[in-house]
Amino acid sequence: MTGKVYLVGSGPGGLDLMTFKAREVIDSADVILYDQLPGEEVINSLPDVEKVDVGKYGGKHTREQDEIENLMAEYALKGKNVVRLKGGDPFLFGRGGEEMEYLRAKGIEVETVPGITSGIAVPENVGIPVTHRTFASQVTFLTGHEDPTKPESAINWRWLAESPGTIVILMGVKNLPNITKSLIENGMDSDKPVAIIERGFRADQRVTTGKLSDIADIAKERGVRPPAIIVIGEVVSLYRE
Ligand code: SAH
């Protein structure tokens, strides 16, 4: 009998923001593949079964993506029920879609367990709503992995710079100088407020604010590091220290 693979979102951090379904699936798994994004509290709560840290952090890959996919398939083909535990939601920049495709192609059953995404919850935790009737009727989630200075960038920077509403960037710390430069060059107001929230929901959560024109310098001065969510837009004005 082939086992099943669960792609599980653990939420933005902490046990209280994980779903009951995630807990149930985790607690009945034979093998758990995890990385560090779910945070210590969740990782420390994992049951005493086989566990593999497949962590990738800020571009430093402990294990390559195809190796992770192989590993999931191997365990499932041995009859084990596998949990691939991910921070936030597995389908928002979590490679969940690719993993589902890979497993499907091998005829392995896959189930996804949604999680609260950091893209909404981390700003929310500091009083920043990603939409608001006065400030933003639209929100765009963006991966900051894309270097806007590359001509083959999959993101339409002009469209983005001209579009109203909020921009939420995940994995954007490293490219922040290029991102802000590109948005300004493409016509976005350089006074637009920006907030960066590092390590949301952790004890050492930290917020850095500025404008599109100076946030990259401020972030550098303060040594902002991933994981962090970057929010660009008028909704940032609702943030209070
Ligand atoms: N699937 C995840 C995102 C994975 S991409 C989700 O839905 O939340 C990894 C990026 O998520 C990080 O680089 C960071 O931008 C963001 N992130 C995840 N958890 C975070 C947290 N607790 N605090 C700040 N950023 C976080």
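**Exercise 1.** In this predicted model, find how many salt bridges count between domain 1 and domain 2, then describe what the interface is made of.

*Solution.*
Step 1. Start with the charges: the count of salt bridges between domain 1 and domain 2 is zero.

Step 2. Check the residue classes next. Where domain 1 touches domain 2, its side has no charged residues, but eight nonpolar and three polar ones. A salt bridge needs Lys or Arg on one side and Asp or Glu on the other, so a side without charged residues cannot supply a partner.

Step 3. Now look for polar contacts. Two residue pairs meet the rule across the interface of domain 1 and domain 2, both at pLDDT 80 or more.

Step 4. Finish with area. The two domains bury about 830 Å² between them, and 76% of this is on carbon and sulfur atoms.

**Exercise 2.** Work out where the two domains lie along the chain and how many residues of each are in contact.

*Solution.*
Step 1. Domain 1 covers 4-116, and domain 2 covers 119-238.

Step 2. Taken over C-alpha atoms, their centres are 27 Å apart.

Step 3. Eleven residues of domain 1 are in contact with twelve of domain 2.

**Exercise 3.** Which residues come nearest to the ligand, and which polar atoms lie beside its nitrogen and oxygen atoms?

*Solution.*
Step 1. There are 19 residues around the ligand, with D89, L92, T117, S118 and A228 coming nearest.

Step 2. Take the backbone first. A backbone N or O atom of L92 is 2.7 Å from a ligand nitrogen, and a polar backbone atom of G87 is 3.2 Å from a ligand nitrogen.

Step 3. Turn to a side chain: a polar side-chain atom of T117 lies 2.7 Å from a ligand oxygen.

Step 4. Lastly, of the 550 Å² of accessible area that the ligand has on its own, the protein covers 94%.

Conventions
Residues numbered from 1 in each chain as written. Predicted model: local features only at pLDDT ≥ 70, side-chain atom pairs only at ≥ 80, totals over all residues. Heavy atoms only, no water. Domains from an automatic or database assignment. Contact = heavy atoms within 4.5 Å. Buried area = accessible area lost by both parts, 1.4 Å probe. Salt bridge = Lys/Arg side-chain N within 4 Å of Asp/Glu carboxyl O. Polar contact = N/O pair within 3.5 Å; in protein donor to acceptor, adjacent residues only side chain to side chain. Nonpolar A, V, L, I, M, F, W, Y, C, P; charged D, E, K, R; others polar. Near = heavy atom within 4 Å. Areas by Shrake-Rupley, 256 points an atom, 1.4 Å probe, with all protein chains shown as cover.
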